Amino acid sequence: MLASTGIGGDDIAAVGLTGQMHGAVVLDQAGEVLRPAILWNDQRTAAECDVIREALDGVERLVAITGNDALTGFTAPKLVWIRDHEPEVWGRIAHVLLPKDYVRLRLTGEYAIDKADGAGTILFDLAARDWSAEVLQALEIDPAWLPPTFEGPAVTGSITREAAAATGLRAGTPVVAGGGDQAANGVGVGAVSSGVIALSLGTSGVIFAATDRPLVEPRGRVHAFCHAVPDRWHMMSVMLSAAGSLRWFRDALAPGVAFGDLAASAGEVPVGSDGLLFLPYLTGERSPYPDPLARGAFVGLTVTHDRRHLTRAVLEGVAFGLRDGLDLMIEAGMPAPSRVRASGGGTASPLWRQILADVLGAEIATVNTAEGAAYGAGILAAVGAGWYPSVDAACEALVVATPVAAPGPDSSAYAEVHAIYRDLYPALAPTFHGTSRISGSTDGPPASKRA
């Protein structure tokens, strides 16, 4: 990185860290990795989620403490899975980190985690912003395994001589806590104060709202975590296959076609794709349906439909799924947004931006960076280095939002189509679960694809 930009290690004032959330990196007493990390999108832990709910006497108590239900992607179910399936590994664990925090360990020699990623493990007391003794005891997790927690801009260590030799960074350069990818992306797009809403349209799709107090959805269908900003929290609705749905469609049915050309052709089709609907649950789902066995589907196919219709149905289906999650957040007490700050590769499509504006009922604005999470980590580092007095001040100076789409005359038509879309999952869920038994995927990916 330094070589490609022509920047020297002495030019770096501080390092910010971000990375995928929820992964489980387990280490022995010497800091050596005991097994390959189990990542955020691994679906093997459905049974362990039930074990966690039972250990905490039900979903209500679990949500009251952590702000979240137990879902297959989270870290805590992965640890319970190791406990119950790999006892030889479990017996050697001395440290538990997330992937980016293992990078921190290699850079600084320090075990640490930011409070946003800590909350994402669902081992946190959300209101207290630290590890929950009650949850750890219920799940038989030794508190000594877990690192100290820090606010996003706090300095957690400095680059060691060994890391400096390996990376080109200057020894002694401070490394701040940073944040998980979504919390850092929230900082990167300026969603740091109550009422500012962000949308990340990458492989997954996330609606993100900063809050000045913990807000929870009683059934845990959207997430509630600590923010990377001191004394702030956030709500987050997560769709597992957003732009990932379009990539799957392109790779399977239109290989070699550029995404821009594919999306542009969908503009030739009217709202509602002439009666064709798409459910984007290609890898299970989190919000609004925390169901690892949910599956994707095209519904309403006729001989009159062609690739243009299927493409538009994918774009619309993702937008409808995001609206479902947004509605849950509003029901939990978040104000309905008038503007959404959007980032991620999917926002490059003018058609998709307009569909999102019409379906979400809000103006879509893009920001002055395509790398929201990395930019957010840089902003946190700038605050940690003393360049700005607060994250709010840094975002005010560094983040520019530009409106690119507003709700138009198609909004009412989309509301009618969305009402039909919302009936599909409840009707098809038994079928999805049945087909999962046929495919042998009732507890996540096949063993041949696991690590």
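**Figure 1. The lining of the largest cavity holds seven nonpolar residues, two polar ones and no charged ones.** This close-up comes from a predicted model, so please read every value in these legends as computed from that model. The residues around the largest cavity are T75, V96, L97, L98, I113, T121, L123, W131 and L146. The enclosed space has a volume of about 40 Å³. How many cavities of 30 Å³ or more does the count give? The count comes to one.

**Figure 2. R83 sits in helix 4, which covers residues 75-85.** Is R83 buried or exposed? Its relative accessibility is 15%, and because buried means under 20%, R83 counts as buried. Follow the side chain of R83 and you will find the backbone oxygen of L139 at 3.0 Å. Leaving aside residues up to four places away in sequence, R83 touches V51, W90, L139 and E140. L139 therefore appears both as the residue whose backbone oxygen the R83 side chain reaches and as one of the residues R83 touches, with R83 itself counted as buried.

**Figure 3. Helix 11 (residues 243-253) has a set of buried residues.** Look for A243, G244, S245, L246, F249 and R250, which are buried in this helix. What covers them? The cover includes three strands, namely strand 11 (197-201), strand 15 (277-279) and strand 16 (297-299). Helices also take part, including helix 12 (259-266), helix 13 (307-331) and helix 14 (350-360).

**Figure 4. The whole protein sets the scene for the close-ups, with 18 helices and 19 strands.** Why can the protein be called as compact as a globular protein of its length? Its radius of gyration is 22 Å, close to the 22 Å that the globule rule gives for 451 residues, so the protein is as compact as a globular protein of that length. Taken along the principal axes, the C-alpha atoms fill a box of roughly 65 × 50 × 45 Å. Of the 451 residues, 57% count as buried. Among contacts between residues at least 6 apart in sequence, 73% join residues at least 24 apart.

**Figure 5. The largest pocket offers about 810 Å³ of space.** It is lined by 28 residues, and the closest to its centre are I12, A14, V15, G16 and G378. Which elements give two or more residues to this lining? They are helix 1 (2-5), helix 6 (99-108) and helix 15 (372-384). Helix 15 provides the largest share, with seven residues. By residue type, the lining of the largest pocket divides into 21 nonpolar, five polar and two charged.

**Figure 6. The second largest pocket has a volume of about 510 Å³.** Here 25 residues form the lining, and D181, Q182, S200, G202 and S204 are the closest to the centre. Strand 1 (18-19), helix 10 (181-188), strand 14 (233-239) and helix 15 are the elements that give two or more residues to this lining. How do the lining residues divide by type? There are eight nonpolar, 14 polar and three charged residues in the lining of the second largest pocket. If you have just come from the previous view, look again for helix 15: it gives residues to the lining of the largest pocket and also to that of the second largest pocket.

Methods
Residues numbered from 1 in each chain as written. Predicted model: local features only at pLDDT ≥ 70, side-chain atom pairs only at ≥ 80, totals over all residues. Heavy atoms only, no water. 1 Å grid on protein atoms, 1.4 Å probe; cavity = no way out; pocket = protein on both sides within 12 Å on 5 of 7 lines; lining within 4 Å. Points joined across faces, edges and corners; volume = space filled by probe spheres on them. Nonpolar A, V, L, I, M, F, W, Y, C, P; charged D, E, K, R; others polar. Helix = DSSP H or I, 4+ residues; strand = E, 2+ residues; numbered from the N terminus. Buried < 20%, exposed > 50% of the residue type's maximum accessible area, 1.4 Å probe, protein only. Polar contact = N/O pair within 3.5 Å; in protein donor to acceptor, adjacent residues only side chain to side chain. Contact = heavy atoms within 4.5 Å. Rg over C-alpha atoms; globule rule 2.2 N^0.38 Å.
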